[in-house]
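Subject: The structure you asked about

Hi there,

Here is the structure, ready for you to open beside your sequence. My notes on what turned up follow below.

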Amino acid sequence: MFRVTLALCLLGIVGAQVPGIGSCPNVETISTFDVEKYAGKWYEQNRYFTIFELGGKCVTANYTLNDDGTVKVVNAQVNSFTENPSEIEGLARVVDAKDPGKLAVRFSSSPVDGSYWILDTDYESYSAVWSCQSLLFANTQFAWILTREQNPSETVVEKAKDAFRKYGIIVNLFEKTDQVNC
Ligand SMILES: *[C@@H]1O[C@H](CO)[C@@H](O)[C@H](O)[C@H]1NC(C)=O
């Protein structure tokens, strides 16, 4: 109980995501984006701590191209404490065709769009996804490493990490997602 309370207090102080000072760092996203190649199932290997996924393991994302060019998103996970599976559905779209690596995603449970920026992907093994929101004097960042294989080689994960390192995004803050006890 004390640990839970402590964790909640810490959350209250640092916020749910990884905070930074100043505005969002400048990053470049992929210059071309092939939604069809990106579609299908991905396994989350690493993430910045987010409250939305607190205690989540076996996290997957399934992207399906809709006829109108938007992308149906189904994120699934298993609660590490209760073993209960859950799913959340959303819709993603490229906001500006000139910047095809920058998507906005809206989940049914949320009234606002989140950003989903693809820093790098080879479509076949990894994707490096990042999101940042500037606040007044600070920013809050999300980051995810997705892979096609549930338990990929370290080489694949390192390739994705390189995409973050390139922009000075701190990969030491990544948590490993449990994809073993699924
Ligand atoms: C992904 O979602 C689509 C559409 O909802 C579904 O047809 C497909 O079976 C799903 N794929 C996986 C691997 O779950």
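A word on classes before the ligand: Ala, Val, Leu, Ile, Met, Phe, Trp, Tyr, Cys and Pro count as nonpolar, Asp, Glu, Lys and Arg as charged, and the others, Gly among them, as polar. By that scheme, the shell around the ligand holds two polar residues, two charged ones and no nonpolar ones.

Please keep in mind that this is a predicted model, in which local features need pLDDT of at least 70 and side-chain atom pairs count only at pLDDT 80 or more, while totals for chains, interfaces and linings use all residues. Residues are numbered from 1 along each chain as its sequence is written, and side-chain values use heavy atoms, with hydrogens and water left out.

**The ligand**

Which residues surround the ligand? They are Lys41, Asn62, Thr64 and Lys72, where a residue counts as near if one of its heavy atoms lies within 4 Å. A polar side-chain atom of Asn62 sits 2.4 Å from a ligand oxygen. For Lys72, an N or O atom of the side chain is 2.8 Å from an oxygen atom of the ligand, and for Thr64 the corresponding distance is 3.4 Å. On its own the ligand has 360 Å² of accessible area, and the protein covers 40% of that (Shrake-Rupley method, 1.4 Å probe).

**Strands S6 to S8**

Strands here are DSSP runs of E with at least two residues, numbered from the N terminus, and two of them pair if DSSP finds at least two bridges between them. S6 (residues 102–107) and S7 (residues 114–121) pair in the antiparallel sense over four bridges, with Lys102 bridged to Trp117 in S7. Six residues lie between S6 and S7 in their hairpin. S7 also pairs with S8 (residues 126–134), again antiparallel over four bridges, and Asp120 has Ala128 in S8 as its bridge partner. The hairpin of S7 and S8 has four residues between the strands, and Tyr123 there takes a positive phi near 70°.

**Arg47**

Is Arg47, in strand S2 (residues 40–47), buried or exposed? Arg47 is buried, because its relative accessible area is 6%, and buried means under 20% (1.4 Å probe, protein chains only). Its side chain makes a polar contact with the side chain of Glu44 at 2.6 Å; such a contact is a pair of N or O atoms within 3.5 Å, and within protein one must be able to donate a hydrogen and the other to accept it, with residues adjacent in sequence counting only if both atoms are side-chain atoms. A polar atom of the Arg47 side chain also lies 3.1 Å from the backbone oxygen of Gly56.

Best wishes

Key. Buried < 20%, exposed > 50% of the residue type's maximum accessible area, 1.4 Å probe, protein only.
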